[in-house]
Amino acid sequence: MKFESLRGFRDIYPEDAEPRDRMLSEIKKVARSFGYQIIDFPSVEPLDLYRIKSGEELVSQTFSFTDKGGREVTLIPEATPSVVRMLTSKKDLPKPVRWFSLPKIWRYEEPQSGRLREHVQFNADIFGLDTPEADAEIVGLACTILDSLGLAGNYEIRINHRKLMDEILRALGVVDIPRVFGIIDRFRKIDRQEFMNSLGEAGVSQDSARIIEKLASSRVKADDSAGLIQSLMEMNNDLRESLERVVSTIRMISYYTSSEIVMDFSTVRGLSYYTGLVFEAFDIRGELRAILGGGRYNGLSSLISDQDIPAIGFGMGDVVLELLLKRTNLWHKDISGNRYYVCTVSDDAASFSLKLSIDLRKKGADVIRDMGKRSLSAQLRSASVNGCSYAIILGTKEVSTGSITIRNMSDGRQEAISIEEFLSSIKK
Ligand code: HAM
């Protein structure tokens with residue numbers, strides 16, 4: 001019988017697992033540079049935690065089952081409810097709280113480019129602040145991460161505001177606002193006729209549907225947002241507060257990045273708990289699924305506890321990021337600079353090579369020690385396969401003279417130097 005991994009799941013071999021691990025380390029480094037601290041939580045949770053406010057679509061995508069104790073449980077389809085549960089179970093946490101996590105997430109979706117049934121999702125959230133500064137910091141963190149991965153200029157941030165959209169839809173006489181949000185969320189995935197029909201079926205008048213369609217297709221660059229705000233305010237003065245907040249947030253985000261920030265009225269987000277700013281990042285060519293998505297979700301904590309804590313955050317999966325980094329040739333960055341392959345070519349050099357490998361690692365170098373008692377050419381082949389920039393060759397001559405022979409793997413040049421000189425040239 002032959003076994004393969006399930007559809008939508010991945011086996012990740014070193015050629016991708018290594019770059020992926022470097023990517024995740026860089027993401028964690030940037031999060032820490034903003035003062036965010038790592039947390040972790042279970043991979044299995046009560047299904048009810050997601051029934052509360054994640055929305056029907058997400059609940060229908062869960063890998064859920066009844067456990068041996070008769071409880072309805074699920075592999076987590078997102079992190080946010082677990083993070084909020086952790087936050088609210090510790091009443092005395094000094095606010096604001098800045099947390100990040102890197103859980104595995106499971107969703108029974110149709111596997112396609114950028115979407116799998118299992119992925120790793122970086123999450124960052126800030127709790128206890130409800131200000132444009134906090135909104136901008138979260139989007140700014142997302143941008144700084146993408147920029148530090150080398151993606152500046154390769155993505156755009158699409159921003160909208162749930163409350164603003166809510167007010168606009170109300171002014172247009174829309175009654176079933178959650179349903180219409182669901183339709184707007186699919187705006188870019190369905191054709192115009194299907195969009196208009198769905199709005200009609202949701203009880204939206206033809207005139208209002210036309211305005212919603214026009215709004216959903218309009219994209220306004222950050223610099224031009226003032227004019228749009230003016231014209232929307234002329235439509236309804238109640239929109240002023242939400243609009244002014246979005247504009248001041250966008251202004252602050254532009255301090256963090258030079259990448260494109262656009263006001264996009266079709267960005268409403270699929271999850272039901274968002275209450276304020278919502279945002280997504282897309283590759284600039286518009287070929288891939290969302291790189292990341294998030295928003296403000298002030299009401300969630302009071303649904304699962306007696307505390308009311310404002311919150312904003314985002315989630316970013318590893319799947320689209322990998323596609324984008326591969327497309328921009330940033331996936332396989334050269335990392336072999338400090339990596340050595342220690343070749344032992346005679347039995348009497350065995351303890352010398354063992355000790356040297358240990359000393360080198362203490363100095364911060366990556367060292368692979370060949371233990372195969374093989375020919376030098378076989379050992380050098382392994383050095384090359386493992387992406388080492390230098391091979392260190394040790395035999396009877398090196399043992400007797402206290403030296404090493406070092407070979408540059410890129411041009412094959414070799415030289416003999418004393419062990420002391422070599423070790424002192426390695427910087428920690
Ligand atoms: P989400 O938009 O459902 O938001 O997912 C966030 C990101 O996770 C997506 O933009 C994408 O990068 C990745 N992602 C989602 N589903 C898949 C999939 N099937 N395969 C690969 N990647 C995927 C949330 O989950 C919110 N809980 C984010 C959040 C945190 N909001 C506030 N704090």
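This is a short tour of the structure, stop by stop, with something to select at each one.

**Before you start**

You are looking at a predicted model, in which local features need pLDDT of at least 70 and side-chain atom pairs count only at pLDDT 80 or more, while totals for chains, interfaces and linings use all residues. Residues are numbered from 1 along each chain as its sequence is written, and side-chain values use heavy atoms, with hydrogens and water left out.

**Stop 1: the whole chain**

Show everything as a cartoon. The chain has 17 helices and 18 strands; these are DSSP runs (helices H or I, at least four residues; strands E, at least two), numbered from the N terminus. Along the principal axes, the C-alpha atoms fill a box of roughly 90 × 55 × 50 Å.

Next, colour by domain. Domain 1 covers 14–41 + 79–327 and domain 2 covers 339–425, with bounds that come from an automatic or database domain assignment. Their C-alpha centres lie 50 Å apart.

If you switch on a surface, the chain exposes about 21,100 Å², and carbon and sulfur atoms supply 50% of it. Accessible areas come from the Shrake-Rupley method with a 1.4 Å probe, and for residues only the protein chains shown count as cover. Of the 428 residues, 50% count as buried (buried means under 20% relative accessible area, exposed over 50%, partly exposed in between). Among contacts (heavy atoms within 4.5 Å) between residues at least 6 apart in sequence, 69% join residues at least 24 apart.

**Stop 2: the ligand**

Select the ligand and expand to its shell (residues with a heavy atom within 4 Å). Of the 26 residues around the ligand, Glu78, Thr80, Leu116, Asp125 and Tyr274 come nearest. The shell divides into 10 nonpolar, 10 polar and 6 charged residues. In this split, Ala, Val, Leu, Ile, Met, Phe, Trp, Tyr, Cys and Pro count as nonpolar, Asp, Glu, Lys and Arg as charged, and the others, Gly among them, as polar.

Now draw some distances. Polar contacts here are pairs of N or O atoms within 3.5 Å; within protein, one must be able to donate a hydrogen and the other to accept it, and residues adjacent in sequence count only if both atoms are side-chain atoms.

- Threonine 80: a polar side-chain atom lies 2.7 Å from a nitrogen atom of the ligand.
- Isoleucine 291: a polar backbone atom is 2.9 Å from an oxygen atom of the ligand.
- Phenylalanine 314: a polar backbone atom is 3.4 Å from a nitrogen atom of the ligand.

The protein covers 96% of the 650 Å² of accessible area that the ligand has on its own. Elements giving two or more residues to this shell are β7 (118–127), β12 (292–296) and β13 (311–317).

**Stop 3: phenylalanine 122**

Stay with β7 and pick phenylalanine 122, which sits in that strand. Is this residue buried or exposed? Phenylalanine 122 is buried, at 1% relative accessible area. Beyond four places in sequence, its contacts include Ile27, Ala31, Ile145 and Phe314. Leucine 102 is 20 residues away in sequence, yet the two C-alpha atoms are 4.6 Å apart.

**Stop 4: asparagine 160 and its loop**

Move to asparagine 160 in strand β8 (residues 155–161). Asparagine 160 counts as buried because its relative accessibility is 0%. Which backbone oxygens does its side chain reach? One belongs to phenylalanine 265, at 3.4 Å, and another to threonine 267, at 3.1 Å.

Threonine 267 lies in the loop between β10 (260–264) and β11 (277–283) and is buried at 3%. Leaving out residues up to four places away, it touches Arg158, Asn160, Val278, Phe279 and Glu280.

Follow that last name to glutamate 280, found in strand β11 and buried at 12%. Its side chain makes a polar contact of 3.0 Å with the side chain of arginine 269. Arginine 269 is in the loop between β10 and β11, and its phi is near 75 degrees, a positive value in a residue other than glycine.

**Stop 5: two backbone details**

Select proline 96, in the loop between α4 (80–89) and β5 (97–101). The peptide bond leading to it from lysine 95 is cis, with omega near -5 degrees.

Finish at asparagine 329, in the loop between α13 (318–327) and β14 (339–344). Asparagine 329 has a positive phi of about 55 degrees although it is not a glycine, and at 67% relative accessibility it counts as exposed.

Terms used. Buried < 20%, exposed > 50% of the residue type's maximum accessible area, 1.4 Å probe, protein only.
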